[in-house]
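Thanks for making the time, everyone. I would like to walk you through one structure today, and I will keep to the strands and the aromatic rings.

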Amino acid sequence: MSQSEQTHYRACHLCEAICGLKIVTQGEQVVSIKGDENDPLGRGHICPKAVALQDLHEDPDRLHKPIKREGDQWHEIEWEQAFEEVAQGLVGVQQRHGPDAVATYQGNPNAHNLGSITHAKMVTKQLQTRNRFTATSVDQLPHHLSSLWLYGHQFLIPVPDIDRTDYLLMLGGNPMASNGSLMTVPDFRKRVKALQDRGGRLVVIDPRHTETAEVADQHHFIRPETDVLLLLAVLNRMLESGCRGRGEVGERLQGLEAVAESIREFTPQQVSERTGIPCEDIEAMAKALAGERALCYGRMGVSTQRFGGLCQWLIALINLVGGNIDQPGGMMFPAPAIDFTAFAAPGHFNRWQSRIRGLPEFAAELPASAMAEEMLEPGEGQVRALLTIAGNPVLSTPNGRQLEHALGELEFMVAIDPYLNETTRFANIILPPASPLAHEQYDMVFHHFAVRDTQRYSEAIFAPRAGALLDWQLFNGLGKAMAELSGNSFQPLPAPRELVDRGLAPSGLSVAKLLESPSGIDRGPMRSNLLRRIKTPDGQIHCDVAACLQDIERVQESLQRPVGELTLIGRRHVRCNNSWMHNSQRLVKGKSRTALLIHPADAARYGLSEGDRARLASRIGEVEVSISITDRLMQGVVSLPHGWGHQRPGVRLQVASEFSAPSANDLTDELWLDALSGNAAVNGVPVSLSSLPAQ
């Protein structure tokens, strides 16, 4: 007798958009995945990745029990043995070499999984190491640092009020492909259409004519790493015209005259040629941003470059002096039911530095660009063991080949991950969590970046497979084993549902109340709240951040250097999600999306034709690429997607391994970073290109 179909409502956890899903199952099988039209945030929007949740759940390459490496062979072991041996490996290294001899790396998916957010600390805090690395420093660190300096808390990050703005200037963001980043904005296309229907405008600044540029009212090419010049000129022009903020927020602004004096020489006329944007267009941007219901937003393209920290500070000041911070239609601060700014540490910067290069920590994390050298360089404090949690830094951090070498030299490594991938293949033991559809989900992180205030709690759809553990159970189990071996007391945390329930209580909500509305509840548009939430010691907004004013000297020095021949930038596609969605056949099928994009004039200069093979090289390495010629890219710029490079030995990813696409991070340079924040500069990397003989 066939089982009846059941309908489940859930938020997709694969990207920041947290779109509402309607998932139909029959027994243990997924029948269909569609958008939930009753979801007040996503409004029925869905992208191809959500449908691939079925593939993640059913993937034959997915691990379900711990595996242990002996030589080149892997075999399953029981959880109790795995916890015991991992504890012995990590604690043993620390007992022999000190607490900093063990490093941790946490990847992007940690922010998307409730059990990781609530329970990973059961393991990481016990290590008490200063060698903590995360994906933050190859992504959004400049946002957090700017917010710490200006508003007193790393999570007071404003997002575009896209549903009420009349002018949106976007630099280095591509939400048509990403569904928003540090801006949880499902259904971006319709939101832009609504903006345009009410007479508003979207202006995109990007070296590539992206999918977002395609729906914009205007697109300007810009030379990589010159966003900082554009922002300096826009802010300078606004200050010259008398912009000093508006309302109570404007009254809190301090130090603007010092800022004005420091940037006086950066005029539209002075930066136009270097950026590639005409003076009159820069003037028009400054004028528009001085009006009401206008905003400037910058994302990956301006964060992951050598002036990322300065760019995010300048973007914040542009919105502040224009009077468009904490105002409807400007940049606003989401205030979710569980508010990190009410209980989480505000963050700190440069309290200590990395051992080799002296790079600054942020919120007790060191830049990921320093990870490999800390393993390879002998001496006191050398990293000799590594714990990775849902991360694949061989493909996602600069100079992946160097990191590969470093991982091979470690005394011990453990990976908490469902796959045997390019990084975890170096582990001694891999601890896999159960399928994502076996986990409950509450988006504790992304409600902090959502363009509308909604809440939803998603129940698990399936029970964990026999012998599998949920991520929070895994963290409790390993934490207990480590504590027993170290002679420390240990109190396991309850299930995430109970922790969420406690967190919701001050808002008058509960998990039970949220479950009464399986599509989620709508608490309305964002509201002004900065003045009651600001965490600076005196409640003022000190715009004249000394480190930023000093960093302007580095910008001036850059103007003296000649423009290089070719500069590499990254790109993403709506069917990709960093390195970990390439094992889904439905996502990778179709026309190849991994070629090197190059402008026709540059292709002609190098004697290249469509489909040719070529060698792309940087200071740290070279890769073989396929050529795709397009005028939707600025001359002098080439673009390669990140997250590929799956044809490495020992990887167990059947679908992904069929693609010969190179890893962009075999070219990005661990020395090429933002000197202000320590964030990796994976965009704007100097490269050279040469043709290869026809095969």
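I will begin with the barrel and then turn to the rings, and please keep in mind throughout that this is a predicted model.

Six strands, that is 6, close into a barrel, and following the order around we have β23-β27-β24-β26-β25-β28, with mixed pairing. From one strand to the next, the twist averages 45 degrees. If you look at where β23, residues 566-569, meets β28, residues 685-691, the two pair in the antiparallel sense over 3 bridges, and within that pairing Leu566 has Val687 of β28 as its bridge partner.

Now to the rings, where the count comes to 7 aromatic pairs. One of them joins Phe340 and Phe343 edge-to-face, at 5.9 Å centre to centre and with 85 degrees between the planes. These residues are 3 apart in helix α17, so about one helical turn separates them. Phe340 is buried, at a relative accessible area of 8%, whereas Phe343 counts as exposed, with 55% relative accessibility.

A further pair is Tyr442 with Tyr457, which is stacked, at 6.4 Å centre to centre and 25 degrees between the planes. Tyr442 lies in the loop between β19 and β20, and Tyr457 in the loop between β20 and α21, so this pair ties together parts that are 15 residues apart in sequence. Both tyrosines, Tyr442 and Tyr457, are buried.

Returning to the phenylalanines, Phe155 forms one aromatic cluster with Phe340 and Phe343.

Finally, there are charges over rings: Arg130 lies over the face of Trp352, 4.2 Å from the ring centre, and the charged end of Arg306 sits over the ring of Trp672, at 3.9 Å from its centre.

How values were computed
Residues numbered from 1 in each chain as written. Predicted model: local features only at pLDDT ≥ 70, side-chain atom pairs only at ≥ 80, totals over all residues. Heavy atoms only, no water. Pairing = 2+ DSSP bridges. Helix = DSSP H or I, 4+ residues; strand = E, 2+ residues; numbered from the N terminus. Axes fitted to C-alpha atoms, helices over the stretch in contact; angles between N-to-C directions. Phe/Tyr/Trp six-rings, centres within 6.5 Å; stacked < 30°, edge-to-face > 60°. Buried < 20%, exposed > 50% of the residue type's maximum accessible area, 1.4 Å probe, protein only. Lys NZ or Arg CZ within 6 Å of the ring centre and 35° of its normal.
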